[in-house]
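User: Could you take one part of this structure and go through it closely, explaining how it is paired with its neighbours and how far it is enclosed? Please keep the reasoning explicit, since I would like to follow each step against the coordinates.

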Amino acid sequence: MAVVEVTGEKEQKVILVGITNCKESFYALDWTLRHHFSGEAKPGAAASKLFVVYAKATPSSVIGFGGLGSVDILPFVESSLSEIATSVIAEARELCVAKTTSEVVYEVIEGDASTVLCDAVEKFQADLLVLGSYGYPSIKRTVIRSVKDYCAHYANCNVLIVKQPMQEN
């Protein structure tokens, strides 16, 4: 994570937090707020800009293609996915406000989470991508295609995977 000094002033670093509707994800957001946007942040450190991104699944990825009646339920699935996205962003906003961090950009982007997050890193020119960890063993991560593993390999920035301490799991 490079902090560039330009004519005596430090440039803002950009931190992107990928969130889902799970406690591990919100723990990662909370950790980021505590370590980069509060009194716990290092004194004299450059100010950071925070982006919170939620990858909304596409309706077709949820119900599949060509299933009997899938066209009929598509609007209901889309509505449900939009409600979930709105709820997740609202919860993230509440957490940021509670931690007195108000200058946050919230984005809901439709698509596969791995691709959405790597593309968001490019779009916002992020210096750091923060993700929560479910604590799955490596074989399970391989079988379910871990978003974190994908981002760690393909995101064009540093990737921090925040794991909850054992007593908080």
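Analyst: Two strands are said to pair if DSSP finds at least two bridges between them, and that is the sense in which pairing is used in what follows. The model is a predicted one, and the part taken here is strand β4, which covers residues 48–56.

The setting of β4 is an open sheet of five strands in the order β5-β4-β3-β6-β7, with parallel pairing. The edges of this sheet are formed by β5 (104–110) and β7 (158–162), and because each of these has a single partner strand, one side of each is left without a neighbour in the sheet. From one strand to the next, the twist averages 25 degrees.

Within that order, β4 has β5 on one side and β3 on the other. On the β5 side, the two strands pair in the parallel sense over seven bridges, and V53 is found opposite E107 of β5. On the β3 side, β3 and β4 are likewise joined in the parallel sense, over seven bridges, with V14 standing opposite K49 of β4.

Strand β4 is also covered by a helix: α4, residues 113–124, lies across β3 (13–19), β4, β5 and β6 (128–132), and runs at about 150 degrees to β4. As for burial, eight of the nine residues of β4 are buried, so the strand is largely enclosed by the rest of the structure; a residue counts as buried here when its relative accessible area is under 20%.

That cut-off can be applied to residues elsewhere in the chain as well. C22 has a relative accessibility of 15% and therefore counts as buried, and C96, at 0%, counts as buried too. A disulfide would require a pair of cysteine sulfur atoms within 2.5 Å, and by this rule the model has zero disulfides.

R93, by contrast, has a relative accessible area of 40% and is therefore partly exposed; this residue belongs to helix α3, residues 70–98. R93 and Y106 are separated by 13 residues in sequence, while their C-alpha atoms are 8.1 Å apart in space.

To return to the strand itself, β4 is a strand that pairs in the parallel sense with β5 and with β3, has helix α4 lying across it, and is largely enclosed, with eight of its nine residues buried.

Methods:
Residues numbered from 1 in each chain as written. Predicted model: local features only at pLDDT ≥ 70, side-chain atom pairs only at ≥ 80, totals over all residues. Heavy atoms only, no water. Buried < 20%, exposed > 50% of the residue type's maximum accessible area, 1.4 Å probe, protein only. Helix = DSSP H or I, 4+ residues; strand = E, 2+ residues; numbered from the N terminus. Axes fitted to C-alpha atoms, helices over the stretch in contact; angles between N-to-C directions. Contact = heavy atoms within 4.5 Å.
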